[in-house]
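User: Please take me through this structure in questions and answers, with the cut-offs behind each term stated as we go.

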Amino acid sequence: MNLPPSTDQHFRGGPATRSAVLERLEKTSLLVGGLFLLALAAGFALDRAQFFRSYLVGFLFWVGIGVGCLGLAMLNHLTGGLWGLVPRRFHEAAARTLPVM
């Protein structure tokens, strides 16, 4: 397959893989994450009982998504049907977030 040099470098992980848009997105995401961490600390300082109730609801919500995707991925692997061929990688990727939680 004869690709142009810039496209060929992009597929092989050359210098074209780090774009300015991606770097700006990373910096913005870090800033937003820091702001939410400050809001989390403020909520903990103001009302601890409500903080822990809210944290539990959020934790169960996100763990429920990961566990549900894990169950769908296991069911797909167990049955081996083509019904789950498209969402299989999504379910596996979502299940891989469980150790982080």
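**Helices, contacts and charges**

User: In which helix is the place of Gly68?

Analyst: This is a predicted model, in which local features need pLDDT of at least 70, side-chain atom pairs count only at pLDDT 80 or more, and totals for chains, interfaces and linings use all residues. Residues are numbered from 1 along each chain as its sequence is written, while side-chain values use heavy atoms, with hydrogens and water left out. With helices taken as DSSP runs of H or I of at least four residues, strands as runs of E of at least two, and both numbered from the N terminus, Gly68 belongs to helix H3.

User: What distance separates the C-alpha atoms of Gly68 and His91?

Analyst: Gly68 is partly exposed at 35% relative accessible area, whereas His91, in helix H4, is buried at 11%; buried means under 20%, exposed over 50% and partly exposed in between, with a 1.4 Å probe and protein chains only. Leaving aside neighbours within four places in sequence, His91 is in contact (heavy atoms within 4.5 Å) with Cys69, Leu72 and Ala73. Gly68 and His91 lie 23 residues apart along the chain, and their C-alpha atoms are separated by 8.4 Å.

User: Which residue forms a salt bridge with Arg89?

Analyst: A salt bridge here is a side-chain nitrogen of Lys or Arg within 4 Å of a carboxyl oxygen of Asp or Glu, and a search of the whole structure finds one. Arg89 is exposed, with a relative accessible area of 56%, while its partner counts as buried at 14%. The two are three residues apart in helix H4, which means that about one helical turn separates them. The closest N and O atoms are 2.8 Å apart, and the partner of Arg89 is Glu92.

User: How far from Arg88 is the nearest side chain of opposite charge?

Analyst: Arg88 lies in helix H4, which covers residues 88-95, and, not counting residues up to four places away in sequence, Arg88 touches Asn76, His77 and Gly81. For charge, Lys and Arg count as positive and Asp and Glu as negative, with His and the chain ends not counted. Arg88 is buried yet has no salt bridge, and the nearest side chain of opposite charge, Glu92, is away by 4.9 Å.

User: At roughly what angle do the axes of helix H2 and helix H3 cross?

Analyst: Helix H2 spans residues 20-46 and helix H3 residues 48-79, with axes that come within 6 Å; Leu40, Gly43, Phe44 and Leu46 in H2 meet Arg48, Phe51 and Phe52 in H3. Axes are lines fitted to C-alpha atoms, for helices over the stretch in contact, and angles run from 0 to 180 degrees between N-to-C directions. Under 35 degrees counts as roughly parallel, over 145 as roughly antiparallel, 65 to 115 as roughly perpendicular and the rest as oblique, and H2 and H3 are therefore oblique to each other. Their axes cross at roughly 130 degrees.

User: What percentage of the 101 residues in the chain is buried?

Analyst: The chain holds four helices and zero strands, following the pattern α-α-α-α along the sequence. Of the contacts with a separation of 6 or more, 34% join residues 24 or more positions apart. Among the 101 residues, the buried share is 13%.
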